[in-house]
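Open the structure in your viewer and keep the selection tool at hand. Which places are worth a stop?

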Amino acid sequence: MEALIQQYIDIYYLQILVLIGINLILALGLNLITGVTGQLSMGHAGFMSIGAYTSAILALNFGMPFGVCLLAAGITAAVTGIIIGIPTLRLEGDYLAMVTIGFAEIVRVVFLNLEIAGRGLGLSGIPASTNFTVVWLLVIIIVLLNTGLLKSRPGRALYSIREDELAAEASGVNTTRYKVAAFAIGTFLAGIGGSLYAHYLTYINPQDFGFMKSVEILNMVVLGGMGSIPGTILGTVVLTIAPEVLRFVQDYRLLFYGALLVILMIFRPNGLLGDVRWIDIKRSWARFRGRREARSSVDG
Amino acid sequence: MFWQQLVNGLTLGSTYALIALGYTMVYGIVQLINFAHGEIYMFGAFAGLFLVLTFKINIFLAILGAMIFCMLLGMTVERVAYRPLRGSSRLSALISAIGVSIFLSTLMVLVRGPNVTSYPAEVMEIATYNLGAIEVSSLQVMILVTAGLLMLGLEVLVHRTKIGKAMRACSQDLDAARLMGIHVDRVISFTFALGSALAAAGGVMVGVYYNAVQPYMGVMAGLKAFAAAVLGGIGSIPGAMLGGLALGIMENLGIAYLSSSYKDAIAFGILILVLLVRPQGLLGRATTKKV
Amino acid sequence: MAILEVRNVSQEFGGLLALDRLSVAVERGEIFGLIGPNGAGKTTLFNLISGIYRPTSGEVYFQDRCINGFKPHRVAKVGIGRTFQNVRLFKKLSALDNVRVGMHSVSKAGFVSALLHTPWALREERSTREKSEFLLEMVGLADKSLELAGSLAYGEQRCLEIARALALNPSLILLDEPAAGMNATEKEELLGLIRKIQEMGVTVLLVEHDMNVVMNICQRIAVLDYGRKIAEGSPNEIKNDEKVIQSYLGVEM
């Protein structure tokens, strides 16, 4: 399958597509936590790193098959997520953001000092098990599951927490349980993304998973439209391709990201696609067609 | 050994306290965690450095200059990035704050490069005093005294002046304060200015104390100061002071008796512990919000 | 039989006594009104019953069971629904979704069953949708079901909140100033709605400032002032009570 694809798509574009896919998985995870449930998590890269290192270590030191490594990466990340999530999300207030920043930093320091993680040099020679097929198969599955989730009872509960946590509680939603659940799923996806990343680049070190990575992923979620899957996809595609296109302004990239967040929040908090709903598109289309028919009946 | 660490801890702790005060005051009045606060502290350190290098002034004037600069910076940030979002969701304001934080730190990297610089030695004459087994440097004394005076000044301002009363009123009930004729926008600006000034002072002092100034110094310091504010009770001014000092002491004891490579983890660990055991902090009241 | 019993309840907020040894009992099936000047503690009492606060002293009994310290979602589960003084809708969700969230505690589909699209989960989704549409119809919002809650008119928003509260199949519903901001026609419709709720078998505890509404529809009324109950009785008794008239100085009844 992979060889077939490589025949049709140039290797450079293939690389970008794989990166988009990995970023999508990361962004969809963060979207569930922040966009849908309204809990700002600023440590997504930390969970990604846990997934990456878990996966890499299992492959390098224990010779585990990729499927096992991938799953273990997700589970480890999710378990850590639950551990720091429960005390933090139990409270009403915005502690999660600070806690996750601190957590990601601690994770970075831990891996920097851990023998088995290669310390400052990181890990290399990771089996290159990630390819276009694997990534996009996962992306499709995750998008489908995600879309289904958001239309269901638990999905509505998550949205209600973002909108008004108190009213959600009064309506019978156990907000703590759902916040932790969203966080667990989101960090699981971060772990998966991390594993895919590690087995694609075949080399990881603690620097790859710094605060700025968390910021990038947040931007992808926010740009397209928080809480909206099509929005997250749009944001991810744009912000994965942009650095390639704008390579010459590399240094100013973060400046731009920072300003973008502020500007978006003030002028278009729902992102590029945020306010537009499927039903609005249907209505506009119906109106457009109505006008056309009226015009033709006048002429005729 | 213990007493030495105590002295070191109090010194470090006073700087944490100065930064923590900014977090707690802003949170108390607009319920926003000002992520950019750490960057304002960093700008303070650089502002002081700039003044010292350009005008060859001493440390006290540098502190003063940095405080003025950061007051303006803090007020500008509030005006541009937070005020437009005051009616919007909490999440929007938080994200905007993160945006400002990234913008400011990247700006400094672009302007001054990512490397560590330091204050020239002439900024302050350092003498050491020996009190029994403890070595105290004049720099430490200066930090303790200056921080102490600033905090005292803050207490006086908050409890004995009209603007202080307005601040307290706003932190209790913003709408009621507005109905009483208090100019809420001005009070909020003032609160930001105050917190930024204190952080700036902390920045200069830390810059001189550790002989290092770099664009990302605000990230860790901000995080730790936030932990300190939560420890003391977020929203409580004496809490921030207490939390800062306590954190400084605990961190120093941790470095001395545990390991130093995980010293940053101490603040984080304390944060989680507080949230687990007593989320309102040491001095915070378990407030029941008005619904 | 009393469905709700508030026994000697006090609520303190850092030195301020919002409720002072308050006792009141609401009989099953009645429409009970709670009136009093602003700051008298009416909303505080609501918040206490619905689990947002834990009483400083005293107990709240619902269907003979002490619900002190129950978190709000648990209070909803045992069958108490409520609306808020400042309407708290899920603004970016549709009206239909708002009501469907209200049905959260009477449905079961979790993450796994939702993802697997099991037949019973699908059946539950369908029945949730039907019941929600029924409730929207009942409050007159059937044609607005897909509109965003935040874009509805104020009176419509209040009705939507009532629909959401009814969705959890409550035995008791707390209505906090439902008539606020409504015009005369809307108030008439509201009275009809509240009567319909009573016919459904739901007990209604109502906080209201509009005396016409209160006198018209409540079987019994309690009057609060400074956190204490100063009078209780039928509308007629309350109308003529000295203490009530005094505390409402200047208000035409």
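The tour below goes from confidence to a sheet and then to a helix.

This is a predicted model: local features need pLDDT of at least 70, side-chain atom pairs count only at pLDDT 80 or more, and totals for chains, interfaces and linings use all residues. Residues are numbered from 1 along each chain as its sequence is written, while chains are lettered from A and ligands numbered from 1 in the order in which they are written.

**Chain A.** Colour chain A by pLDDT, the predictor's confidence in each residue, from 0 to 100. Its mean is 89, and 93% of its residues reach 70 or more. Among its elements, helix H9 (residues 175–201) has the highest mean, 96, and helix H13 (residues 278–299) the lowest, 70. Helices (H or I, at least four residues) and strands (E, at least two) are DSSP runs, numbered from the N terminus.

**The sheet in chain C.** Select the six strands of the open, mixed sheet, in the order S6-S7-S8-S3-S9-S10. S6 (80–82) and S10 (228–233) of chain C are the edges; each has a single partner strand, so one side of each lacks a neighbour in the sheet. Two strands pair if DSSP finds at least two bridges between them. Now pick S3 (residues 31–35) and S8 (residues 203–207) of chain C: they pair in the parallel sense over four bridges. Here C:Leu34 stands opposite C:Val207.

**Helix H1 of chain C.** Is this helix, H1(C), buried or exposed? Eight of its eight residues are buried (20 or more other C-beta atoms, placed from the backbone, within 10 Å of their own). Among them are C:Phe46 and C:Ile49. Finish at C:Gly51, which follows H1(C) and has a positive phi, near 90°.

How values were computed. Buried ≥ 20, exposed ≤ 12 C-beta atoms within 10 Å, placed from the backbone.
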